[in-house]
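Trainee: Could we go through this structure together, asking of each label how it is earned?
Mentor: Gladly; let us have a look.

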Amino acid sequence: MKMEEMSLSGLDNSKMEGIAQDILTDLVEDACLGLCFDVHRAVKQGYFFLDDTDQESMKEYEIVDQPGVDIFGQVYNQWKNKECVCPNCSRSIAASRFAPHLEKCLGMGRNSSRIANRRIASGNNTNKSESDQEDNDDANDNDWSYGAEKKAKKRKSDKNPNSPRRSKSLKHKNALLGPKRRAENQESPCVLLRDEPFSQ
Amino acid sequence: MSKDSQMRAVINQKLIEMGERERLKELLRAKLIECGWRDQLKAHCKEVIKEKGLENVTVEDLVAGITPKGRALVPDSVKKELLLRIRAFLAQHAT
């Protein structure tokens, strides 16, 4: 049947609307049927009630649908309005800004130590030196990371680049020099004693 | 066959041939799941099953018990959206 034989241009809107409604009804019925088939198969195959547990647990974990509360029943913007007093500067800070503020205030976070180091570096380059470094020291009194960096730098220069210990192949060779460690006394006789069993 | 039903048949045929009916079905299915319709009806199914007994429930039981409620529970927004698409199709392909 060709479309030309059917003159649909003479139709008014109400008929079209009726047809559209019918099509919708058909589609909804299809959806319902689909659901019925799914459920029926699930019942006959035995997996329909599989995701249910005992009544108690069902009640306990039921989805919560109240305003101001998430689906677990927890209040999620509880900390929006609370304010905390900073132990360092005694200011009252909003809760969500508290952590970053503490970071800057105590000078302990990743960023604040970076900023401090940059300031030190630029403070060494430009001859503002004294006052700046003192200020940094005061501000970084609690800053363990800064102190650790100082220590780390010290350690590196302590190692002797010429020490025979450096290369692993020399590990068992008994150099008269012995291992160069900070606290060891190189002239102690026990070094010589230790050498003996390894002598070739 | 009256002219009306002939015309409806033609429209339905076109709907299927162009794949639009399948698309509309998928759209409706997605929307109904989204709005919780499917879960509501599933809960209703549980009642029907408990009534008829797990072993004896038939497809007919479910269909008879579910379809009227299912038709009523479709939210208006979903209906409107589907109708818009259907009307657009009709306007494009049925005149």
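Mentor: Let us start with a definition: a salt bridge is a side-chain nitrogen of Lys or Arg within 4 Å of a carboxyl oxygen of Asp or Glu. Please keep in mind that this is a predicted model, in which local features need pLDDT of at least 70, side-chain atom pairs count only at pLDDT 80 or more, and totals for chains, interfaces and linings use all residues. Residues are numbered from 1 along each chain as its sequence is written, chains are lettered from A and ligands numbered from 1 in the order in which they are written, and side-chain values use heavy atoms, with hydrogens and water left out.

Trainee: What makes A:Asp38 and B:Arg38 a salt bridge?
Mentor: Their closest N and O atoms are 3.1 Å apart, and the rule asks for within 4 Å, so the pair qualifies. A:Asp38 sits in helix H1 of chain A and B:Arg38 in helix H3 (residues 37-52) of chain B, and the pair crosses between chains. Helices here are DSSP runs of H or I with at least four residues, strands are runs of E with at least two, and both are numbered from the N terminus.

Trainee: Why is B:Arg38 called buried or exposed?
Mentor: Buried means under 20% relative accessible area, exposed over 50%, and partly exposed in between (1.4 Å probe, protein chains only). B:Arg38 has 19%, so it is buried. A:Asp38 has 37%, so this partner is partly exposed.

Trainee: How do you know that A:Glu17 and B:Arg87 join two chains?
Mentor: Their side chains meet in a salt bridge at 2.8 Å, N to O. A:Glu17 lies in helix H1 (residues 13-45) of chain A and B:Arg87 in helix H5 (residues 76-93) of chain B, so the pair joins two chains. A:Glu17 counts as partly exposed at 27% relative accessibility, and B:Arg87 counts as partly exposed at 35%.

Trainee: What about B:Arg21 and A:Asp30?
Mentor: The side chains of B:Arg21 and A:Asp30 form a salt bridge too, at 3.1 Å from N to O. This pair runs from helix H2 (residues 20-34) of chain B to helix H1 of chain A. A:Asp30, with 23% relative accessible area, is partly exposed.

Trainee: How many salt bridges does the rule find across the interface of chain A and chain B?
Mentor: Six, and one more example is B:Asp4 with A:Lys15 at 3.6 Å, N to O. Over all chains the count comes to ten.

Trainee: What makes up the contact between the chains?
Mentor: Contact means heavy atoms within 4.5 Å, and here 35 residues come from chain A and 44 residues from chain B. Together the chains bury about 3,600 Å², 78% of it on carbon and sulfur atoms; buried area is the accessible area (1.4 Å probe) that two parts lose on being put together, summed over both.

Trainee: Why is A:His101 called buried or exposed?
Mentor: A:His101 has a relative accessible area of 13%, under the 20% limit, so it is buried. A:His101 lies in helix H3 (residues 98-106) of chain A. Not counting residues up to four places away in sequence, A:His101 touches A:Cys86, A:Cys89, A:Arg91 and A:Ile93.

Trainee: And how does chain A look as a whole?
Mentor: Chain A has seven helices and two strands, in the order α-α-β-β-α-α-α-α-α along the sequence. Buried residues make up 21% of its 200 residues.
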